Amino acid sequence: MKKDYRLEKRKYVIGGLLIVLAVIYIFRLLELQVFETKYKENADSNAFLRKTVYPSRGQMFDRNGNLVVYNKPAYDVMIIPREIGDFDTLDLCSTLRISKEELRGYFEDMRNPRKNPGYSSYTQQVLITHISAEDYGRLQEKLYRFPGFFIQKRILREYAYEVGANFLGNIREVNRRDIENDDYYRPGDYTGDLGIEKSYEYFLRGVKGQEILIRDAHGRIKGRYENGAKDVAPVSGKDLKLSIDIKLQEYGEKLMQGKIGAIVAIEPATGEILALVSSPTYNPKELVGRERGKNYRALVNDPYKPLYDRSIMAAYPPGSTFKPTQGLIFRQEGIIDLSTAYPCYHGYINGGLRVGCHGHESPITLKPAIRTSCNAYFCWGFKNMIDRRSKYGSPANAFEVWKNYMVDLGYGYKLGVDLPGESRGFIPNSKFYSKIYGENRWSANTIISVAIGQGEILATPLQIANLCATVANRGYYVKPHIVKEIADTVIAEEYRVKHVSRIRSEYFEEIAEGMRMAVVGGTCRNAQFPGYEVCGKTGTAQNPHGKDHSSFMGFAPMTDPKIAICVYVENGGWGATYGVPIGGLMMEMYLNGKIAPERKYIEDRILQSNTIMYSGVKKH
């Protein structure tokens, strides 16, 4: 019989196909059972409940070890929508002490994609946030009656003092952007919002853990899987030691009640911020718990803007607190020496231009000009620098030299404080004026108000305090910062580096001497207090929208200074009216721990005063 080779080949082809199909089948089974986790996860979700364990958030202490911010437990009612079975609605409402309408609203909000963009009926969802410990206890006993429900323990912030809201910040529920930007977060998590809570979120939040709980066929929790052997313990966030003296902060906020403005106090040698007051302010406890949203909206709508941190965000005309910088630049550039005298017949008069001043001796030299806050002296110095073509070639070139010194002294750019939202203020350059007036068509007289901290010049209270610290240090500053240690770890190198000015140290000594003269027998007499040599400089900044602003910068003691301060009170009038006494009281409280009896009348006047009425802001 003749052999059919075609059938013989077909046998091998069919056999090969069967082998290929078997291999494909085996690999698919391997993929489904070993490599593909989706089906395993679906099966596991029926048998296990993987419950996130949130870590304790890092606490905050002040520089003296006083606890400022700590944690308290909070409880959220969580559900897995597809696992919810029949339950007694009235029983649940009674247990949580809410109405049926409120419960219905919670379910509607949970399913609303706008309010809850991460909604899925297959995943854990937050139904009710921040139930009380009492409600938690009652619900915990009855959970078996409510299939698909469980309780998630979370952490909320608690505050030992009702101050510091502007720099402490708060925590809020994450939004879609937070989740997209950082895979640490899941819907319902919390993150730092504003202040230190935001800047140091990475250190404060810790690392989440996980509990694996066993469930029966009805979804009821039966215990921990393998007695917790597979659980992952959370890692607590790192504690922060702040540079703030919380008692000084408390006193500063008390002095600023009824006023709009800011106080910034710095330890000159280290750049550590001792107090950072913004007024009006609010109680940090208002942004905790279930009332957070309502309270936040009220703060946003408040016409006095309590959420606006004026200490680092507000850019003000520095006024006469700016004059020490002018003296430093003129000395460094050789425009003046200590014997250079300029006339002041109640102001700077040049051609048809006049800048007013008050009565004092004339002609006048540098140190007495600081003591009396003479406008004319610094206008003449500015003119003799900017218009000196023999040295600089043009006013534009001279102004660039001047501007670079200002940047060197910490103006015009963000200092880099470890808080969000810092303003850079404003120091114009020569191109700014050439664009307005035309190239080579302006001179010192065109912009003379710049010499006395007016015109286009803007600075934050932080920048003014930093300048004062630079004078106190006789020529250097350390970048201001509000966190001193992170869990016993030294702070970042950038907050330990000395920024040394190009201006010679002896010129800073001369300015310090002038500022001392201002306290002994000039415009800052009320800044002096027992036991220390105080140095200061007033500022009265013109305000086109109302009453002038009152400001002051000062430091103490004159040698080996421990505190440098800026006070700025909007619509406060003369610098000596509010800026000087508030600055003096703050320094006295920090260095002496109390106010001398003979100065109590100053404290009483400040505590009882109110300048908001002059602000032009109407509260509805």
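This passage describes the cavities, cysteines and salt bridges of a predicted model.

Three cavities of 30 Å³ or more were found in a search of the whole structure. The largest holds about 190 Å³ of space. Its lining comprises Tyr-54, Pro-55, Arg-57, Arg-154, Ile-155, Ile-171, Tyr-184, Tyr-185, Asp-189, Tyr-190, Arg-205 and Lys-208. Seven of these lining residues are nonpolar and five are charged. None is polar.

The second largest cavity holds about 60 Å³. Its lining includes His-130, Asn-170, Leu-287, Val-288, Gly-289 and Arg-292. Ile-171 and Tyr-190 line this cavity, and both residues also appear in the lining of the largest one. Strands β5 (149-159) and β6 (170-173) each contribute at least two lining residues. The largest share, three residues, comes from β5. By class, the lining of this second cavity has six nonpolar, three polar and two charged residues.

Two residues in the lining of the largest cavity, Asp-189 and Lys-208, pair in a salt bridge. Their closest N and O atoms are 2.6 Å apart. The partners sit 19 residues apart in the chain. Asp-189 lies in the loop between α7 (176-181) and β7 (190-193). Lys-208 lies in the loop between α9 (201-204) and β8 (209-215). Both partners are buried.

In total, 34 salt bridges were counted. One of them joins Lys-285 to Glu-162, with 4.0 Å between the closest N and O atoms. This pair links distant parts of the chain, 123 residues apart. Lys-285 occupies the loop between β12 (272-279) and α11 (292-301), and Glu-162 the loop between β5 and α6 (165-168). Lys-285 is partly exposed, at 35% relative accessible area.

Another salt bridge connects Glu-272 and Lys-484 at 3.0 Å, N to O. Here strand β12 is linked to strand β16 (residues 483-486), across 212 residues. Glu-272 is buried, with a relative accessible area of 8%. Lys-484, at 22%, counts as partly exposed. Shared partners also tie Arg-57, Arg-157, Glu-197 and Glu-201 into one salt-bridge network. Of these, Arg-57 lines the largest cavity, and Arg-157 lines the second largest.

No disulfides were found in the whole structure. For Cys-374, the nearest cysteine sulfur belongs to Cys-344, 3.7 Å away. A disulfide requires two cysteine sulfur atoms within 2.5 Å, so this pair does not qualify. Cys-374 is buried, with 0% relative accessible area. Cys-566 is likewise in no disulfide. The sulfur of Cys-468 is the nearest to that of Cys-566, at 8.4 Å. Cys-566 is buried, at 1% relative accessibility.

Definitions and conventions: Residues are numbered from 1 along each chain as its sequence is written. This is a predicted model: local features need pLDDT of at least 70, side-chain atom pairs count only at pLDDT 80 or more; totals for chains, interfaces and linings use all residues. Side-chain values use heavy atoms; hydrogens and water are left out. On a 1 Å grid over the protein atoms alone, a cavity is a set of points where a 1.4 Å probe fits but cannot get out, and a pocket is an open set with protein on both sides within 12 Å along at least five of seven lines; lining residues have an atom within 4 Å of a point. Grid points are joined across faces, edges and corners, and a volume is the space filled by probe spheres set on the points. Ala, Val, Leu, Ile, Met, Phe, Trp, Tyr, Cys and Pro count as nonpolar, Asp, Glu, Lys and Arg as charged, and the others, Gly among them, as polar. Helices (H or I, at least four residues) and strands (E, at least two) are DSSP runs, numbered from the N terminus. Buried means under 20% relative accessible area, exposed over 50%, partly exposed in between (1.4 Å probe, protein chains only). A salt bridge is a side-chain nitrogen of Lys or Arg within 4 Å of a carboxyl oxygen of Asp or Glu.
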